[in-house]
Amino acid sequence: MICLDVGSTFTKALLVGLCGAEEGQVLATAEHRTTVEGDVMDGVDACLAQLAAADPRARDAEVLACSSAGGGLRIAVLGNEEFVTAEAGRRVALSSGGTVVAVVAAAGRSATDLERHLRDAVAEARPDVVLLTGGTDGGNAEVLLTATAALVAAGWRGPVVAAGNVDAAEQVGDLLAAGGVPHVLAPNVVPRIGVLAPEGARAAVREVFLAHVIGGKHLSARPDFAALVRGATPDVVLTGVELLAGRAGDVVVVDVGGATTDVHSVVEIDPEDATLARDVVAPTRVTRTVEGDLGMRWSAVSTLEAAGLDDDPVLLDAARQRRERPGLLPGDETDPEAAHAVEERLARAAVGLALRRHAGRSRVVVSPEGRVVERTGRDLREVALLVGSGGVLRHGRPGVRERVLRGALADDGGGWQLPEGGQVAVDDRYVLAAVGLLAGRHPGAATRLADSLLAQAPAALSVEA
């Protein structure tokens, strides 16, 4: 099987064995710049040719692909209360492999005001799909129906995933159909107070991505591209992370890209710890966050700004060059060693900030009732495995893992719930996307491929301030 990841910058391909002694083995790899300026299939074809040259069996192998090219999957969330159903929808959107580009709360707005607000928000955010949430099952359906009508009146004609109060689902569907809006009805993401049920909506978003978004981005004039793609890359990777967690225990993966830094975690929720969280929606075992201001190319300058490193003129100039020339690699520069050093500083900042935003803090608060521990985010302190991913770790100098990850994990005393031990691995062949692609079709090969990532993890990485 050939597993393809058509990324925003590079297209990666693996030829994976499916049976016998080769089950789950990477037989050949290929990589090519993603050809978004023309037809993405040009880059895909180049990867397939590389694989065929390395192993003739690749010529007859079936191809499974995931894609984040063309900006990936852009999702706007429309819900009732900003801190309840809209927040739940935001989490579902992230776990579905999308980048949340807008969150609109309908409660407290008149129909006219909501319509005007939606029209402006959609025009600015340019989402690929709208995730419509709101209300518990059997609860008040008025706000959900008002929001649906306002979305249609605002002129939105793209796809909608409706995952609100199931008792109003038929009416929601009728309103969308009457407005000519393509839609999928999914189970409620908040069926009752304090419960988050993302899987049905996640599957529906995947369905919409394949049916409407891949072709709608006009990434390829050839129909075979849409036929190859099985999902958005982050969604597929998260499936791979879930399988990996089944083998290793609690896992966190941080993927440093050109535009975003994504963090995926699968962490068992301790019922006692859950009561310490300040989350307005119940925490879930599987979580993904996307930091759109942290990255190695398009977001290089904002990474420095977020980390407080933009006062270094040399570093800032290097970041600007990377933003203006996303294809720039250290080997292309006059001083490759200095360029690698810049890459590592950018990566260390992006990884550190992304992990902190994902993990949140644990702190002691003194109240009239006594000393109370409050937590935000996900507690990653006891994860069994930390996986780093991204070109900077794959193509860096010897020791890049230590320099980037050790520096990123060093706590500054702020109570950040960062990994404190466990094993560390680098997904230097991008196998997690392949694991996710294979999981449903060839679970044995997917499991062995995940185990190969575990096998290369060294002993625990000590973290020093």
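This report describes a group of paired strands, two helices, a loop residue and the largest pocket in a predicted model.

**Strands S1 and S4**

Strand S1, which covers residues 2-6, is joined to strand S4 by five bridges, and the two strands run parallel. S1 is mostly covered, with five of its five residues buried. Ile-2, Leu-4 and Val-6 lie on one side of S1 and Cys-3 and Asp-5 on the other, so that both faces are covered. In a regular strand, side chains alternate between the two faces of the sheet.

Strand S4, residues 63-67, is likewise described as mostly covered, and five of its five residues are buried. Val-63, Ala-65 and Ser-67 point one way from S4, while Leu-64 and Cys-66 point the other way.

S1 also pairs with strand S2, here in the antiparallel sense and through five bridges. The two strands form a hairpin, with three residues between S1 and S2. S4, for its part, pairs with strand S10 (residues 229-232) in the parallel sense over three bridges. The table gathers the pairings of S1 and S4, each with one pair of residues that stand opposite each other.

| Strand pair | Sense | Bridges | One opposite pair |
|---|---|---|---|
| S1 and S4 | parallel | five bridges | Cys-3 and Leu-64 |
| S1 and S2 | antiparallel | five bridges | Ile-2 and Leu-15 |
| S4 and S10 | parallel | three bridges | Ala-65 and Val-229 |

Between S1 and S4 there is also the pair formed by Val-6 and its bridge partner Ser-67.

**Helices H15 and H16**

Helix H15 is largely enclosed by the rest of the structure, because eight of its nine residues are buried. These buried residues are Val-431, Leu-432, Ala-433, Ala-434, Val-435, Gly-436, Leu-437 and Leu-438.

Helix H16 comprises 13 residues, 443-455, and its first and last C-alpha atoms are 18 Å apart, which is close to the 18 Å expected at 1.5 Å a residue. Its buried residues are Ala-445, Ala-446, Leu-449, Ala-450, Leu-453 and Leu-454. An α-helix has 3.6 residues a turn, so residues three or four places apart point the same way. The elements that cover the buried residues of H16 include helix H15 (431-439) and helix H8 (233-248), together with strands S2 (10-16), S3 (26-33), S16 (385-389) and S17 (423-426).

**Arg-441, between the two helices**

The loop between H15 and H16 contains Arg-441. Is this residue buried, partly exposed or exposed? Its relative accessibility is 41%, and since buried means under 20% and exposed over 50%, Arg-441 counts as partly exposed. Leaving aside neighbours within four places in sequence, Arg-441 is in contact with Met-1, Glu-62, Leu-64 and Arg-230. Of these contacts, Leu-64 is a residue of S4 that stands opposite Cys-3. Thr-34 lies 407 residues from Arg-441 along the chain, and the C-alpha atoms of these two residues are separated by 26 Å.

**The largest pocket**

The largest pocket has a volume of about 1,200 Å³. It is lined by 49 residues, and those closest to its centre are Ser-8, Thr-9, Val-256, Gly-257 and Gly-258. By residue type, the lining divides into 16 nonpolar, 21 polar and 12 charged residues.

Methods
Residues are numbered from 1 along each chain as its sequence is written. This is a predicted model: local features need pLDDT of at least 70, side-chain atom pairs count only at pLDDT 80 or more; totals for chains, interfaces and linings use all residues. Side-chain values use heavy atoms; hydrogens and water are left out. Buried means under 20% relative accessible area, exposed over 50%, partly exposed in between (1.4 Å probe, protein chains only). Helices (H or I, at least four residues) and strands (E, at least two) are DSSP runs, numbered from the N terminus. Two strands pair if DSSP finds at least two bridges between them. The expected span of a helix is 1.5 Å times one less than its number of residues. Contact means heavy atoms within 4.5 Å. On a 1 Å grid over the protein atoms alone, a cavity is a set of points where a 1.4 Å probe fits but cannot get out, and a pocket is an open set with protein on both sides within 12 Å along at least five of seven lines; lining residues have an atom within 4 Å of a point. Grid points are joined across faces, edges and corners, and a volume is the space filled by probe spheres set on the points. Ala, Val, Leu, Ile, Met, Phe, Trp, Tyr, Cys and Pro count as nonpolar, Asp, Glu, Lys and Arg as charged, and the others, Gly among them, as polar.
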